[in-house]
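Reader: Hi! I've just opened this one and don't know my way around yet. Could you walk me through it?

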Amino acid sequence: MKRCDKLAEVGRRRFLSGAFAAAASVPAATLLTERARAATGGARVDYPSNRLANVSELKPNETLEVAYPDDDAPGVLLKLGKRVPGGAGPDGDIVGFSTICPHKGFPLSYNSADKTLNCPGHYSRFDCEAGGQQVWGQATQNLPQYTLRVDDKGDIYAEGVDELLYGRLSNVL
Ligand code: FES
């Protein structure tokens, strides 16, 4: 093999090993998203309409744990007792939020005194009466709020989320 052929062969091997290393480092979420896109011919993946609970299960100003749009996305439903942005039901006071902090993914806890969801990580706070608006802390987006529908039997359905869930490239994979 001539010298320049050898150099070309070494260069080809380096290129291929770099390409495989790059492919191996693609996050699993990206691959799942790509798979979902491929499965739908590249179209947007619609949110499922999931029944989360019935109005009768809610107690005023207490969280009810749910998950949406899938089991890996924890959240809560709340009946706040007054009409609020994004509120559903006859009184417009039922809301739902993701409980994963959009900053670095810590689980949030509810403070019933001021109706905020609070992060133990770096102290971000989100106002449940104001559509999950961030009112303090290091997060750089508001808390993802569910789009809710309540039917005539009082069943509560989630049918969308208004912000990107933490750690995802797409809310619906
Ligand atoms: S993880 Fe919640 S503020 Fe950092």
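Reader: Let's start with W136: is W136 buried or exposed?
Author: W136 counts as exposed, because its relative accessibility is 57% and the cut-off for exposed is over 50%. Bear in mind that this is a predicted model.

Reader: Thanks! Where is W136 found?
Author: W136 sits in strand β8, which covers residues 133-136. On the surface, W136 joins Y123 and V135 in a nonpolar patch. Together the three have about 380 Å² of accessible area.

Reader: Nice. Stepping back, how many helices and strands does the chain have?
Author: There are two helices and 10 strands. Going from the N terminus, the order is α-α-β-β-β-β-β-β-β-β-β-β. Of the 173 residues in the chain, 36% are buried.

Reader: Switching to charges, how many salt bridges are there?
Author: The count comes to nine salt bridges. R51, E57 and D155 are linked in a network of them.

Reader: Ooh, a network! What are the N to O distances there, starting with R51 and E57?
Author: For R51 and E57, the distance is 4.0 Å, N to O. R51 also forms a salt bridge with D155, and there the closest N and O atoms are 3.1 Å apart. R51 lies in strand β1 (residues 50-54) and D155 in strand β10 (residues 155-161), so this pair ties together parts that are 104 residues apart in sequence.

Reader: And is D155 buried or exposed?
Author: D155 counts as buried, at 10% relative accessibility. R51 is partly exposed, with a relative accessible area of 43%, and E57 is partly exposed too, at 42%.

Reader: Which residue does R149 form a salt bridge with?
Author: R149 pairs with E159, and their closest N and O atoms are 2.9 Å apart. R149 belongs to strand β9 (residues 146-150) and E159 to strand β10, with their positions 10 residues apart in sequence. R149 is partly exposed at 35%, and E159 is partly exposed at 31%.

Reader: New topic: what volume does the largest pocket have?
Author: The largest pocket has a volume of about 230 Å³. It is lined by 13 residues, and D70, D72, A73, R168 and L173 lie nearest its centre. The lining divides into nine nonpolar, one polar and three charged residues.

Reader: Last one: where does S112 lie?
Author: S112 is in the loop between β5 (109-111) and β6 (116-118). S112 counts as partly exposed, at 39% relative accessibility. S112 and P60 are 52 residues apart in sequence, and their C-alpha atoms are 9.8 Å apart in space.

Methods
Residues are numbered from 1 along each chain as its sequence is written. This is a predicted model: local features need pLDDT of at least 70, side-chain atom pairs count only at pLDDT 80 or more; totals for chains, interfaces and linings use all residues. Side-chain values use heavy atoms; hydrogens and water are left out. On a 1 Å grid over the protein atoms alone, a cavity is a set of points where a 1.4 Å probe fits but cannot get out, and a pocket is an open set with protein on both sides within 12 Å along at least five of seven lines; lining residues have an atom within 4 Å of a point. Grid points are joined across faces, edges and corners, and a volume is the space filled by probe spheres set on the points. Ala, Val, Leu, Ile, Met, Phe, Trp, Tyr, Cys and Pro count as nonpolar, Asp, Glu, Lys and Arg as charged, and the others, Gly among them, as polar. Patches are made of residues with over 30% relative accessible area and no salt bridge: like charges are joined within 9 Å, nonpolar side chains (Val, Leu, Ile, Met, Phe, Trp, Tyr) within 5 Å. Accessible areas come from the Shrake-Rupley method with a 1.4 Å probe; for residues, only the protein chains shown count as cover. A salt bridge is a side-chain nitrogen of Lys or Arg within 4 Å of a carboxyl oxygen of Asp or Glu. Helices (H or I, at least four residues) and strands (E, at least two) are DSSP runs, numbered from the N terminus. Buried means under 20% relative accessible area, exposed over 50%, partly exposed in between (1.4 Å probe, protein chains only).
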